[in-house]
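Hi everyone, thanks for making room for me today. I'd like to walk you through a structure, a few places at a time, so please have a look at it with me.

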Amino acid sequence: MMTTYDIVIVGGGPAGLAAAVSAKKSGIDSILILERDNELGGILNQCIHNGFGLHTFKEELTGPEYASRFIDQVLDLGIEYKLHTMVMDISHDKVVTAMNRTDGMFQIQAGAVILAMGCRERPRGALNIPGYRPAGIYSAGTAQRLVNIEGYMPGREVVILGSGDIGLIMARRMTLEGAKVKVVAELMPYSGGLKRNIVQCLDDFGIPLKLSHTVVDIEGKERVKAVTIAKVENGKPVPGTEVRYECDTLLLSCGLIPENELSRSAGVEMSPITSGPIVNESLETNIPGVFAAGNVLHVHDLVDYVSEEATRAGANAAKYVKAGCKSPEADKIIEIKATDGARYTVPSTINIANMDDLLTVRFRVGAVFKNAFVSVYYDDERIQHQKKRIMAPGEMEQIILQKKKLVDYPDLKTITIKIEQE
């Protein structure tokens, strides 16, 4: 027989845990978390550095400590979960097909589904690096797991390609474990990570960061022997700028991609920019009753924002279930557009009748902006004009929309977020 749950949450990382706790506190008892790993907590379990929880708990925690705060709440609230469980399919009518070693293949009819699968690293194959495929090439996340959980050192002389936050953190981690990190090369003219990580992980340890550089050659057949990097202009390496670094390890930190194979197969409409679902003010996708939050929706830089977003998703999923598994009537939909330097927004649409008093709209910029303004337009009228000293693609930006102000614009069709220089 097919079992039924009011809410099924796919993923037991920070987003899934926060969504479950929120849904339970919103009055839903029939909740099930499905997690493919052997423990709850997701990627936070291998993030042993501090810097988590400053927004959520007003104190600095490590990744495992942050995860444990939510795991404890899940246990205290008696929320059900299954580990070692892989979700294979989500149908349009919210039948979740999953499997594990204990139950075999099974199906669950969900009232609502919350997608919280997180993200994955961009693989080497997507980077088109020439050379052989010797041992010693790892994604930064894999290296992090090897060092922090498995207790293995990937290598002793390291070059890192990409300046995403995981790569920056691993530059420091490898150095503290006795390795020599020779250089961090970044293809773009700006870093992909948080400014604080550049300072704390590279500058404090004297590790050079070379912007507009990439790997053009990898030497070695059995094991990496050396890596050559070169300056890049107009997307192409510049001849004569090559520098060779002898090393035994190359770590790749070249971006994260939301984990959305399940979402696509379910028929969820996806954003070509974020590679995550397109959602409304309730974080609901185009499929009624299917919600998304966290890095599966768009890649975050702070886990605190993941938890905050997932808390909203859990509360809105609970509201959907309580309404008889029906979404509110979409009487007036306002589109949110990103333009002139802003790349995307989450959410993409707003139903005023269904939004909270305050709605956080998050977005990223497409380049580095200094002393620029984040402007918000209601159709053609500028409503907000906030100066920012610096904005970079590696750091998420946000604006707050007030319901009471939106109500004053009954004919409003489009909200536009743009970056303006003055």
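Let me begin with one definition: a residue counts as exposed when its relative accessible area is over 50%, and as buried when that value is under 20%. And a reminder before we use it: this is a predicted model.

So, is Glu222 buried or exposed? Its relative accessibility is 71%, and because that is over the cut-off, Glu222 counts as exposed. You'll find Glu222 in the loop that links β12 (213-219) and β13 (226-233). Which residues does Glu222 touch, once we set aside its neighbours within four places in sequence? Those are Pro134 and Ala135. Ala135 lies 87 residues away from Glu222 along the chain, yet their C-alpha atoms are separated by 6.1 Å.

Now to the helices, beginning with α1, which covers residues 14-25. I have two partners to show you for this one.

One partner is α2, residues 63-76. The axes of α1 and α2 are 9 Å apart, and the helices pack at an angle of about 35 degrees. Their crossing is left-handed. On the α1 side, the contact is made by Leu17, Ala18, Val21 and Lys25, and facing them in α2 are Ala67, Phe70, Ile71, Gln73 and Val74. Sorted by class, that contact of α1 with α2 has 7 nonpolar residues, 1 polar and 1 charged.

Another partner is α7, residues 303-322. Here the axes come within 7 Å, and the helices cross at roughly 40 degrees. That angle is why α1 counts as oblique to α7. The crossing of α1 and α7 is right-handed. From α1, the residues involved are Pro14, Ala15, Ala18, Ala19, Ser22 and Ala23. From α7, they are Val303, Val306, Ser307, Ala310, Thr311, Gly314, Ala315 and Ala318. How many charged residues take part in the contact of α1 with α7? None: this contact has 10 nonpolar and 4 polar residues, and no charged ones. If you're following along on screen, look for Ala18, which appears in the contact with α2 and also in the contact with α7.

One more helix pair: α4 (residues 165-176) and α5 (residues 195-202), whose axes come within 8 Å and cross at roughly 20 degrees. With that angle, α4 is therefore roughly parallel to α5. The crossing is left-handed. Asp165, Leu168, Ile169, Ala171 and Arg172 in α4 touch Asn197, Ile198, Gln200, Cys201 and Leu202 in α5. Those residues divide into 6 nonpolar, 2 polar and 2 charged.

On to the strands. There is an open sheet of 5 strands with mixed pairing, in the order β20-β19-β25-β22-β23. Which strands sit at its edges? They are β20 (349-351) and β23 (381-391), each pairing on one side only. From one strand to the next, the twist averages 20 degrees. Inside this sheet, β19 (residues 333-339) and β25 (residues 414-421) run parallel and are joined by 5 bridges. You can spot Lys337 opposite Thr416 of β25.

My last stop is a hairpin. Strands β4 (residues 86-90) and β5 (residues 95-100) run antiparallel, with 4 bridges between them. Ile90 stands opposite Val96 in β5. The hairpin has 4 residues between its strands, and Lys94 takes a positive phi near 65 degrees.

That's my tour, and I'm happy to go back to any of these spots with you.

Terms used
Residues numbered from 1 in each chain as written. Predicted model: local features only at pLDDT ≥ 70, side-chain atom pairs only at ≥ 80, totals over all residues. Heavy atoms only, no water. Axes fitted to C-alpha atoms, helices over the stretch in contact; angles between N-to-C directions. Helix = DSSP H or I, 4+ residues; strand = E, 2+ residues; numbered from the N terminus. Left-handed = near helix turned anticlockwise from the far one by under 90°. Contact = heavy atoms within 4.5 Å. Nonpolar A, V, L, I, M, F, W, Y, C, P; charged D, E, K, R; others polar. Parallel < 35°, antiparallel > 145°, perpendicular 65-115°, else oblique. Pairing = 2+ DSSP bridges. Buried < 20%, exposed > 50% of the residue type's maximum accessible area, 1.4 Å probe, protein only.
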